[in-house]
Amino acid sequence: MKTVLDHTKAHQKYFEEMTKIPHGSYQEKAYADYLEEFAKQQGLRYIRDELHNVIIYKEASQGYADHPSVILQAHTDMVCEKNKDVVFDFEKDQLQLRIQDGYLYANGTTLGADDGVGVSYMLAILSDDTLSHPALECVFTVQEEVGLFGAMALKKEYFQSKRMINLDDEGEISTCTTSAGGVNVLLSRKVVSSSCEKQGYRLSIRGLQGGHSGAAIHLERGNANKLLVRVLYAIYEQYGLQFVSFDGGIKDNAIPREADAIFVCDASKEQIDVIVSSFEKILKEELAFSDRNVSLMLESTSVSYVVSQEDSDKIMQLLLVLPTGMRHRSMHIEGLTMASSNMAIVSLNDEEIYVNCSVRGGMESYVDMQANEIVVLAKAFGFVSKLEARYPAWSFVKDSELRNIMQSVCQNVMHQELGLMAMHGGLECGVFKALIPDLDIVTLGPKMYDIHTPNEHLDLASFDRTFTFLVQFLKCL
């Protein structure tokens, strides 16, 4: 069978094998089967829980029996995003890989380098008896991308280690020292609809970059849901408007790139097009440095029902005022976002509207503040609120023995100083730290770009270098 990656390198081989097994969030069973079979073939002890988390244990190599053990950890699920014109079933199809200018892509879909690279690193190490390392507890978690649910289901008795290397990173010669906590605020409202024979219109927004709602929220990239509502509100103010449907965003941890709304309006298509064209110019100016390819499209369409005017009013008003984007930045750590919210998903049909707002905070108080604001706003417009998938922040620890060793290895192996990073994304590190309070944690991973988007790509040279870094790091523990 033809391969794309270099299978003489174990980490590349295991990564390509992973891309052949569907492993989106909540669909990790098949890959857990693969891990279980791998452990049996290698003769390694393992645990598999009801969520399909897998922990594979390997004894210390010769000469390391008296060295403290270490946890290696990565998540097996990937964000499943594709371009709308791409025919692909994430529950059945293999990712279609291609290499371009030294970078690995998947054609029209996310690649799953987040966090397939960490998974492949662990498998490469577990399968190689020539490497030097202390006893290993290799943790393959599930449902990270939808709320860290796999990590939160782990039990303390699974672990003996007080040191952990999280392999969900993208810095190569840097390590995270802190991460945000967060919660999803879910809003809903039942709507009344009736049959309709009026002319309908579909308004669509395309050309936005999107990105991870933690790692990219400070880049001022356009949120498709929020931008589309701004245009709709301009039409609503001048001509009135009733919704038929709204469909924007598909993942709670991704800035939505595309959105579509169908509505009825007493204005002609030509009148509406004047507003749409005007707003397209405005958005291109506003987003010239972040989303220069933004575009709006208006077309006529048939409709069979319409949402009531009262419900349409309340939906329009709430979506217009819901906060999205960066809210606060750190005054202590340069470039660190401290609080943000992302209007990630909006879905309206003839029975109900559903809105998912992903809230993040570098402090728990910021998470509470933003969640409370959204709940109060939602109630004012007749929406019901529910908080879901809360996860803890990982606070900075000044003195880390593991980080000191990593700094020394980086200097000796990579010939560069180790960078210390603070991030606004949620990491499983916070969950592990809550589970094992005296756990010393570092993170490591190769360079990758545009994660959580169909343009996600992995630097293959960095993929190789970082594996060498990890192997040497383990040798020094």
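Here are some notes on the fold, its surface and two of its strand pairings.

1. **What we are looking at.** This is a predicted model, where local features need pLDDT of at least 70, side-chain atom pairs count only at pLDDT 80 or more, and totals for chains, interfaces and linings use all residues. Residues are numbered from 1 along each chain as its sequence is written, and side-chain values use heavy atoms, leaving out hydrogens and water.

2. **Overall build.** The chain has 11 helices and 25 strands; these are DSSP runs numbered from the N terminus, with helices being H or I of at least four residues and strands E of at least two. The radius of gyration is 24 Å, which agrees with the value near 23 Å for a compact globule of 477 residues. That radius is taken over C-alpha atoms, and the globule rule is 2.2 Å times the number of residues to the power 0.38. The C-alpha trace spans about 80 × 50 × 40 Å along its principal axes.

3. **Inside and contacts.** Of the 477 residues, 58% are buried, meaning under 20% relative accessible area with a 1.4 Å probe, protein chains only. Take the contacts (heavy atoms within 4.5 Å) with a separation of 6 or more: 78% of them link residues 24 or more positions apart.

4. **Surface and charge.** About 19900 Å² is exposed, and carbon and sulfur atoms supply 49% of that area (Shrake-Rupley method, 1.4 Å probe). As for charge, there are 44 positive and 66 negative ones, and their mean positions lie 1 Å apart. Lys and Arg count as positive, Asp and Glu as negative, while His and the chain ends are not counted. Each charge is placed at NZ of Lys, CZ of Arg, CG of Asp or CD of Glu.

5. **Strand β13.** Have a look at residues 242-248: 6 of the 7 residues in β13 are buried. β13 runs antiparallel to β15 (residues 259-264), joined by 6 bridges, and also pairs in the antiparallel sense with β19 (residues 337-348) over 3 bridges. Two strands count as paired if DSSP finds at least two bridges between them. F246 is a handy residue to click on: A261 of β15 stands opposite F246, and L348 is its bridge partner in β19.

6. **A four-stranded open sheet.** Its order is β4-β5-β25-β24, with antiparallel pairing. β4 (97-100) and β24 (448-449) each have a single partner strand, so one side of each lacks a neighbour in the sheet. At the β24 end, 2 bridges tie β24 to β25 (residues 457-459), with M448 opposite L458.

Methods:
Buried < 20%, exposed > 50% of the residue type's maximum accessible area, 1.4 Å probe, protein only.
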